[in-house]
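Dear colleague,

Here is the structure I promised to pass on to you. Please open it and keep it beside this message while you read, since the notes that follow go through it one part at a time.

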Amino acid sequence: MTDLRFTHYTAAAAREVRDVVEDVFRRSNRDAIESGDAFGSPEAFMRRFDAYTDPARGSGFELVVAYLNGIAVGQTWGWPLPPNAAWWGGLRLVDSDADVAEFIEESGARSFALSEVMVDQAHAGRGIAHALHDELLAGRPETRATLLVRPDNDRAYSAYRRWGWVCVGNLTPSWPDAPTFDVLVKQLGEESA
């Protein structure tokens, strides 16, 4: 896949390629869309994208789109979690002895929330998702990253574990129709190499 190229976008630039983002989502999630799951609908997905890229939200959002021969075939995005991040709302840690308040304490430089990784179904299974994941996380200054995954998404869950992610608990986001997700964390920087 020597023709695979990555383009990075800030929140403002991501809004300019909104049509590309929606197209990749639709080509990556056909089965979920056809299932009628309200949370997984293109409309709900794009409402979340618009909220994540809202200029009033602050800085740090980054979108990476993978292009193969000039065609967008995958994407990933995330942002640093600010103090009092809503991301952690309702977190139930696996380790019942852990201090939840300490675990969720954010400074704006502690945790990077990896929100999405997706690849067009026609190009799945070729290592593009892993390449996107690594491209987005490479050189991040935060000490850890976090993501949410559906417990029954065996393919994604297996990949995340291979890539060094560990389940620390679960939560249900405040988005309408949101399911309960497992919360995974990965250490970043030299200690994760």
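E62 is buried, because its relative accessible area is 16% and the cut-off for that word is under 20%. Please keep in mind throughout that this is a predicted model. E62 forms a salt bridge with R140, and the closest N and O atoms of the two are 3.1 Å apart. R140 sits in the loop between α6 and β6 whereas E62 belongs to strand β2, so this pair ties together parts that are 78 residues apart in sequence. R140 is buried as well, with a relative accessible area of 16%. As background, side chains of opposite charge can pair when their charged atoms come close.

How many salt bridges does the structure hold? There are nine of them, and two others may be worth finding on your screen. In one, the side chains of R27 and D23 meet at 2.9 Å, counted from N to O. These two residues are four apart in helix α2, which means that about one helical turn separates them. R27 counts as buried, at 14% relative accessibility, while D23 is partly exposed, with a relative accessible area of 36%. D23 and R27 are also linked with D120 in a network of salt bridges. In the other, the side chains of R110 and E102 meet at 3.4 Å, again from N to O, and E102 is partly exposed, with a relative accessible area of 43%.

Returning to the strand that holds E62, you may ask how much of β2 is covered. It is mostly covered, as seven of its seven residues are buried. In a regular strand the side chains alternate between the two faces of the sheet. Both faces of β2 are covered, with E62, V64, A66 and L68 buried on one side and L63, V65 and Y67 buried on the other.

Strand β2 is part of an open sheet of eight strands, whose order is β1-β2-β3-β5-β6-β8-β7-β4 and whose pairing is mixed. The edge strands of this sheet are β1 (4–9) and β4 (92–93), each of which pairs on one side only. On one side of β2, six bridges join it to β1, and these two strands run antiparallel; there, T7 stands opposite V65. Seven bridges join β2 to β3, again in the antiparallel sense, and A66 stands opposite G74 of β3. The hairpin that β2 and β3 make has two residues between the strands, and within this hairpin N69 takes a positive phi near 55°. Further along the order, β5 (residues 111–119) and β6 (residues 144–149) pair in the parallel sense over three bridges, with A113 standing opposite T146 in β6.

Two helices can then be placed against the sheet. Helix α4 (residues 42–52) lies across β3 and β5, and runs at about 50° to β3. Helix α6 (residues 128–137) lies across β1, β2, β3, β5, β6 and β8, and runs at about 155° to β5.

Where do the nonpolar residues gather? In soluble globular proteins, nonpolar side chains tend to be buried together. Here the largest nonpolar core has 31 residues, and those with the most contacts inside it are F61, L63, W77, W79 and W88. At least two residues of this core come from each of α1, α2, α4, β2, β3, β5, β7 and β8, and α4 gives the most, with four residues. Apart from this core lies another, of 24 residues, among them L68, V73, L114 and W165. If you would like one residue to look at in detail, try L63: leaving aside residues up to four places away in sequence, L63 touches T7, H8, Y9, A14, V17, V21, Q75, T76 and W77.

One last place to visit is A159, which is found in helix α7 (residues 154–162). A159 is buried, with a relative accessible area of 10%. The C-alpha atoms of A159 and R48 are separated by 24 Å, and the two residues are 111 residues apart along the chain.

With best wishes

Conventions. Residues numbered from 1 in each chain as written. Predicted model: local features only at pLDDT ≥ 70, side-chain atom pairs only at ≥ 80, totals over all residues. Heavy atoms only, no water. Pairing = 2+ DSSP bridges. Contact = heavy atoms within 4.5 Å. Axes fitted to C-alpha atoms, helices over the stretch in contact; angles between N-to-C directions. Buried < 20%, exposed > 50% of the residue type's maximum accessible area, 1.4 Å probe, protein only. Core = buried A, V, L, I, M, F, W, Y, C linked by side-chain atoms within 4.5 Å. Salt bridge = Lys/Arg side-chain N within 4 Å of Asp/Glu carboxyl O.
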